[in-house]
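Visitor: I would like to go through this model one feature at a time. Please start with the backbone and finish with the confidence.

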Amino acid sequence: MKFKSVKKVWAAIAVAGVVGIGTALANSPVFPAHQVDAAAASQGNYASEHALRTLMSFYKPAMKGQFPGAVDNLTVGKSTRKDVFKTIGDPELPRKNANDYDVYGANMGHPGYAFTYQSDKIHEIRYFGTNIERQTNIGGITMSMVKQHWFAPNSTTTIKNGKTKQTKLTYIRENYKVEFIFNNSTDLDHINLLAK
């Protein structure tokens with residue numbers, strides 16, 4: 001049986017349940033192409049469902065000025081820099097001036113964040129996703145998925161930073177704004193939460 005892609009070979013191996021890579025192909029039974037495609041589609045559906053759950057997990061907390069997860073007790077405009085330090089510790093990259101970000105890198109499966117402050121209260125929380133799950137976390141969220149499940153954005157803006165061109169979809173939720181920053185239609189770079 002000929003496989004048209006490496007993905008289908010690995011899908012056949014996964015379907016066969018063979019663990020050893022060296023002997024996998026020799027021991028794999030031959031599966032009809034539709035079974036291999038179904039296995040690959042199942043993996044794709046799981047990633048897509050996970051991305052949709054991640055996207056929707058931001059919806060209700062955003063109305064209260066919060067992000068889900070490790071920082072769910074921090075509120076934009078109310079919580080202080082001291083509250084952030086108590087919740088997730090000292091930043092990996094502390095701000096250099098009052099207008100700069102305190103950055104918490106995504107490591108060991110934990111999400112990455114950046115915070116800015118006004119009058120020592122959180123002005124913006126930026127969410128970068130997780131390092132080891134990025135492809136099944138925010139990396140699986142597409143522009144069409146956001147527009148389908150969050151409906152039409154309040155505004156769409158093109159951002160140019162040197163050679164980099166990004167698209168920002170802005171949604172107003174109660175007294176807060178959620179901004180999805182895409183490098184292209186399928187590559188979500190980060191999500192911002194700030195007061196409107």
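Visitor: Where is aspartate 120 found?

Guide: Aspartate 120 is found in the loop between S2 and S3 of this predicted model. The loop lies between strand S2 (111-118) and strand S3 (121-130), and serine 119 has its place there too.

Visitor: What is the phi of aspartate 120?

Guide: A positive phi is worth noting in a residue other than glycine, and aspartate 120 has one, near 70°. Serine 119, also not a glycine, has a positive phi of about 50°.

Visitor: Does accessibility come next? Which class does serine 119 fall into, buried or exposed?

Guide: The class follows from relative accessibility, with exposed meaning over 50% and buried under 20%. Serine 119 counts as exposed because its relative accessibility is 74%. Aspartate 120 is at 39%, so it counts as partly exposed.

Visitor: How many strands form the sheet, and in what order?

Guide: Read the order across the sheet, not along the chain. Seven strands form an open sheet, in the order S1-S2-S3-S7-S6-S5-S4, with antiparallel pairing. At the edges are strand S1 (102-104) and strand S4 (155-161), each of which pairs on one side only. On average, neighbouring strands of this sheet are turned by 20° against each other, direction ignored.

Visitor: What lies between S4 and S5?

Guide: For a hairpin, look at the turn and then at the pairing. S4 and S5 form a hairpin with two residues between them, and glycine 162 in the turn has a positive phi of about 65°. The two strands pair in the antiparallel sense over seven bridges. Asparagine 161 stands opposite threonine 164 in S5.

Visitor: How many bridges join S5 to S6?

Guide: Seven bridges join strand S5 (residues 164-173) to strand S6 (residues 176-184), and the two run antiparallel. Here isoleucine 172 stands opposite lysine 177 in S6.

Visitor: Which helix lies across S5 and S6?

Guide: That is helix H6 (residues 143-150), which runs at about 10° to S5.

Visitor: What is the average pLDDT of the protein?

Guide: The average is 82, and 75% of the residues score at least 70. Over residues 1-29 the pLDDT is below 50, although this stretch has 31 contacts in the model beyond near neighbours in sequence. Residues 34-41 also have a pLDDT below 50, with ten contacts beyond near neighbours in sequence.

Visitor: How should low pLDDT be read?

Guide: Where pLDDT is low, the predicted coordinates should not be read in detail.

Note on methods: Residues are numbered from 1 along each chain as its sequence is written. This is a predicted model: local features need pLDDT of at least 70, side-chain atom pairs count only at pLDDT 80 or more; totals for chains, interfaces and linings use all residues. Side-chain values use heavy atoms; hydrogens and water are left out. Two strands pair if DSSP finds at least two bridges between them. Helices (H or I, at least four residues) and strands (E, at least two) are DSSP runs, numbered from the N terminus. Axes are lines fitted to C-alpha atoms, for helices over the stretch in contact, and angles run from 0 to 180 degrees between N-to-C directions. Contact means heavy atoms within 4.5 Å. pLDDT is the predictor's confidence in each residue, from 0 to 100. Buried means under 20% relative accessible area, exposed over 50%, partly exposed in between (1.4 Å probe, protein chains only).
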